[in-house]
Amino acid sequence: MTFDLFDARGDAEPAAEPLADGAMVLRGFARPMQEELLADVRAVIAAAPLRHLITPGGLRMSVAMTNCGALGWVSDRRGYRYDRVDPERGAPWPAMPASFTRLAAQAASRAGFEGFVPDACLINRYEPGAKLSLHQDRDEHDHGAPIVSVSLGLPAVFLFGGLNRADKAMRTQLRHGDVVVWGGPSRLRFHGVLPLAEGEHALLGKQRINLTFRRAGLIHTP
Ligand code: SIN
Ligand code: FE2
């Protein structure tokens with residue numbers, strides 16, 4: 001058996017590390033399906049290329065993003081929103097690969113959230129120096145569903161704060177295959193990622209890929 005896939009007791013169940021009420025890190029949870037996930041990540045990126053979005057304030061984000069699933073998260077001068085159409089290509093986002101949907105549901109269930117069916121997957125690509133400032137995921141209509149966040153490639157320091165921006169944030173390192181789930185009373189906690197350190201990952205090279213699964217809910221089209 002590959003010992004490092006599992007926790008110190010050598011259980012077949014990956015270690016779950018509580019962060020807060022309704023929030024935990026599932027160490028190495030995505031590793032057993034890494035090949036399938038990476039092939040699917042590459043296929044989505046080939047169809048809907050990564051791009052650096054502009055914030056409503058006019059800044060270029062250091063993290064490059066794309067989406068798959070029925071709804072994609074986008075940002076521009078007009079604000080943040082979910083859109084059925086990729087504004088860059090004028091076409092719907094690529095379908096959510098079956099491996100993604102399965103992993104998201106399994107991780108949510110392991111964290112106590114049964115029946116999670118994401119309709120949006122944001123793909124974040126960090127190169128050394130890229131970061132994500134403390135923020136809440138609050139553009140979704142459905143706050144009843146958790147967030148499931150999968151880390152692949154280079155390690156990063158994840159900040160997990162409280163419900164107010166000024167609350168002190170915990171820090172935990174997220175490595176290849178780790179999955180963070182937060183929902184229920186933790187659904188609107190602030191979180192972010194410190195600038196990615198230089199490094200070389202065996203499968204992904206000089207980058208970290210994060211998949212964030214959400215239930216965005218219905219969007220109202222005018
Ligand atoms: C996010 O908050 O959208 C991404 C978090 C991460 O990259 O770990
Ligand atoms: Fe987020």
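Which strands each supply at least two residues of the lining of the largest pocket? I began my notebook with that one, working on a predicted model. My answer: strand 8, strand 9, strand 14 and strand 15 each do.

**Entry: the pocket.** I looked up the volume of the largest pocket and found about 650 Å³. Its lining is made of 34 residues, and M61, W73, L132, S133 and H135 lie nearest the centre. I sorted the lining by character and got 14 nonpolar, 11 polar and nine charged residues.

**Entry: the ligand.** Next I checked where ligand 1 is, and happily it sits in the largest pocket. Strand 8 (120–126), strand 9 (132–135), strand 14 (191–193) and strand 15 (208–214) are the elements that give two or more residues to the shell around ligand 1. Strand 15 provides the largest share of that shell, four residues.

**Entry: the shell.** I listed the residues that surround ligand 1: N124, Y126, L132, H135, S149, H191, V193, R208, N210, T212 and R214. By character, the shell holds three nonpolar, six polar and two charged residues.

**Entry: polar contacts.** I then went through the side chains facing oxygen atoms of the ligand. For R208, I noted 2.9 Å between a side-chain N or O atom and an oxygen atom of ligand 1. H191 places a polar side-chain atom 3.0 Å from an oxygen atom of ligand 1. For H135, the corresponding distance from a polar side-chain atom to a ligand 1 oxygen is 3.1 Å. Last, I looked up the cover: of the 260 Å² of accessible area that ligand 1 has on its own, the protein covers 99%.

Notes: Residues are numbered from 1 along each chain as its sequence is written. Chains are lettered from A and ligands numbered from 1 in the order in which they are written. This is a predicted model: local features need pLDDT of at least 70, side-chain atom pairs count only at pLDDT 80 or more; totals for chains, interfaces and linings use all residues. Side-chain values use heavy atoms; hydrogens and water are left out. A residue is near a molecule or strand if one of its heavy atoms lies within 4 Å of it. A polar contact is a pair of N or O atoms within 3.5 Å; within protein, one must be able to donate a hydrogen and the other to accept it, and residues adjacent in sequence count only if both atoms are side-chain atoms. Accessible areas come from the Shrake-Rupley method with a 1.4 Å probe; for residues, only the protein chains shown count as cover. On a 1 Å grid over the protein atoms alone, a cavity is a set of points where a 1.4 Å probe fits but cannot get out, and a pocket is an open set with protein on both sides within 12 Å along at least five of seven lines; lining residues have an atom within 4 Å of a point. A molecule sits in a cavity or pocket if more than half of its atoms lie within 2 Å of its grid points. Ala, Val, Leu, Ile, Met, Phe, Trp, Tyr, Cys and Pro count as nonpolar, Asp, Glu, Lys and Arg as charged, and the others, Gly among them, as polar. Grid points are joined across faces, edges and corners, and a volume is the space filled by probe spheres set on the points.
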